[in-house]
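Colleague: Hi, have you got a minute to go through this model with me? I'd like to start with the pockets.

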Amino acid sequence: MDPARKAALAALKIVRDGGYANLAVKQVLDRSQLTSRDAGFVTQLVYGVCRNMGTLDLIIEKASGRAITTLQPGVVDVLRLGTQQLLMMRVPAHAGVSACVCLASEQIGRHVSGVVNAILRRVAERDWDTWMDLITHGLPAAQAMAIRSCHPLWIEQVYAHCLPAGEVVQAMEANNEAPQPTLVVRPGLMTRDELLTYGGEPTPYSPWGVSRSGDPAQVPPVRDGRAAVQDEGSQLVADLLTRVDAPDGPWLDMCAGPGGKAALLTGLARDAGQGLVASELRPHRARLVASALRGYGSPAVVVADGCVPAWGSVFSRIMLDAPCTGLGALRRRAEARWRKTEDDLEGLVRLQCDLLWSACSSVVPGGVVAYVTCSPHPGETVEVIREAAKGLEILDAPALLGNVPNAQSELDPRFIQLWPHRHGTDAMFCALLRRTSVTELR
């Protein structure tokens, strides 16, 4: 039995049972003795299956002549692995089919080997482009576009609402490309020039970041807490909060877990002679925040519900990175696009509105709130602002990011909307809101 494919199948089972692809791959690789080459094969294979799953299933159904739900879950996993290898990786047809038949026979039972063999042989009769033509024939253009780019239709519709027509395919294709790791320094603990001595290139927009291939855990400053992994988009929206005028006074990161933005803001607040409080609802995530801030001595990390805060209107700057669908980080979370549904929005939007109202109540007159989501969905971005930030002054956030081209939201030019295909970042949204002396809150 091929140990690499066996490990990949084990990882897919973990994902099928609700696990995350990145953690599942790490788990199976940590307990295996695979070579680095085989470990890379497992990672590429599992991530590919998780990203392409919906489209792979349509191919399997067409090749088998039956609904995917009529097959055993373990058989489906093997067929997905086989289809991904045959159509998306440089695996010879005979080798891919044979290896998956052996895998199914050993891990599930010999009784399924004939079914796996027959279906994968039919899959191997066509290449990817031919399969795409076959399974999208006669479908509406939007649905065909979603299938070809391996996205659910509802996500394609969100992108079509938020982007010019010519960029929708580019945006979805960017979600299928794994990003290069991006590091960030902890201001006051290390400079970017010092971090660059460990290799990499300066990020094009953030003054704090370094793009660097390889395992970040092997970089000494990452291990000792002077630097960390953080997408450039997250760096930009955190730094943005410091670029706008606001009164002196303490800062707040309201939903701070796991601590990336809180750490960057702590360093920037100290540079400005201010302090930062990091608040997080869940104790285990609060511990992650404290770990991220460990280089700054004794950081102020509190466990609190941002919707019913224990503080008054005392903060001059507030970062609210609200819980969201995460549609802006699909390139990092291989399985997420097939788990998220439009039904997830309802509860999230209510929470986002409550948190934003609480943040606006917690800032002093003249103070500023940065409302941030890692999602471009209008329901959890511009519509939340319209619902929960009535009476506040909306600032021109893109004007503060003059070095970042095309950063304005297509839905409202006062807001920032970053994109992987435009900026090489996650699809971060940011609005800056000022509470004036006459602002009346609900």
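Modeller: Sure! This is a predicted model. In the second largest pocket, the lining residues divide into 7 nonpolar, 3 polar and 5 charged.

Colleague: How much space lies in the second largest pocket?

Modeller: About 250 Å³. Of the 15 residues that line that pocket, the closest to its centre are Lys-6, Leu-9, Ala-10, Lys-13 and Gln-107.

Colleague: And which elements give two or more residues to the lining?

Modeller: Those are α1 (3–16), α4 (73–88) and α5 (93–107). The largest share, 7 residues, comes from α1.

Colleague: While we're on that helix, is Arg-5 buried or exposed?

Modeller: Arg-5, which lies in helix α1, has 11% relative accessibility, so it counts as buried.

Colleague: What does the side chain of Arg-5 make a polar contact with?

Modeller: With the side chain of Gln-85, at 2.7 Å.

Colleague: Nice. Switching to rings: how many aromatic pairs are there?

Modeller: The count comes to 4. One of them joins Tyr-159 and Trp-419, with 5.4 Å centre to centre and 75 degrees between the planes, an edge-to-face arrangement.

Colleague: Where do Tyr-159 and Trp-419 sit along the chain?

Modeller: In distant parts: Tyr-159 is in helix α9 (residues 153–162), while Trp-419 is in the loop between β11 (416–417) and α19 (420–423), 260 residues apart. Both Tyr-159 and Trp-419 are buried.

Colleague: What about Phe-415 and Phe-429, why is that pair edge-to-face?

Modeller: Their ring centres are 5.4 Å apart and the planes are at 70 degrees, so the pair falls in the edge-to-face class, for which the cut-off is over 60. Phe-415 lies in the loop between β10 (393–394) and β11, and Phe-429 in strand β12 (residues 429–434), so the pair ties together parts 14 residues apart in sequence.

Colleague: Are Phe-415 and Phe-429 buried or exposed, then?

Modeller: Phe-415 is buried, and Phe-429 is buried as well. Ring pairs also link Phe-415 and Phe-429 with Tyr-371 into a cluster.

Colleague: Last topic, charges over rings. Which ring does the charged end of Arg-126 sit over?

Modeller: That of Trp-131, with the charged end of Arg-126 at 4.9 Å from the ring centre.

Colleague: And what does Arg-339 lie over?

Modeller: The face of Tyr-20, at 5.9 Å from the ring centre.

Colleague: Great, thanks for the tour!

Definitions and conventions. Residues are numbered from 1 along each chain as its sequence is written. This is a predicted model: local features need pLDDT of at least 70, side-chain atom pairs count only at pLDDT 80 or more; totals for chains, interfaces and linings use all residues. Side-chain values use heavy atoms; hydrogens and water are left out. On a 1 Å grid over the protein atoms alone, a cavity is a set of points where a 1.4 Å probe fits but cannot get out, and a pocket is an open set with protein on both sides within 12 Å along at least five of seven lines; lining residues have an atom within 4 Å of a point. Grid points are joined across faces, edges and corners, and a volume is the space filled by probe spheres set on the points. Helices (H or I, at least four residues) and strands (E, at least two) are DSSP runs, numbered from the N terminus. Ala, Val, Leu, Ile, Met, Phe, Trp, Tyr, Cys and Pro count as nonpolar, Asp, Glu, Lys and Arg as charged, and the others, Gly among them, as polar. Rings of Phe, Tyr and Trp (its six-membered ring) pair if their centres lie within 6.5 Å; planes under 30 degrees apart count as stacked, over 60 as edge-to-face and the rest as tilted. Buried means under 20% relative accessible area, exposed over 50%, partly exposed in between (1.4 Å probe, protein chains only). A charge sits over a ring if NZ of Lys or CZ of Arg is within 6 Å of the ring centre and within 35 degrees of the ring normal. A polar contact is a pair of N or O atoms within 3.5 Å; within protein, one must be able to donate a hydrogen and the other to accept it, and residues adjacent in sequence count only if both atoms are side-chain atoms.
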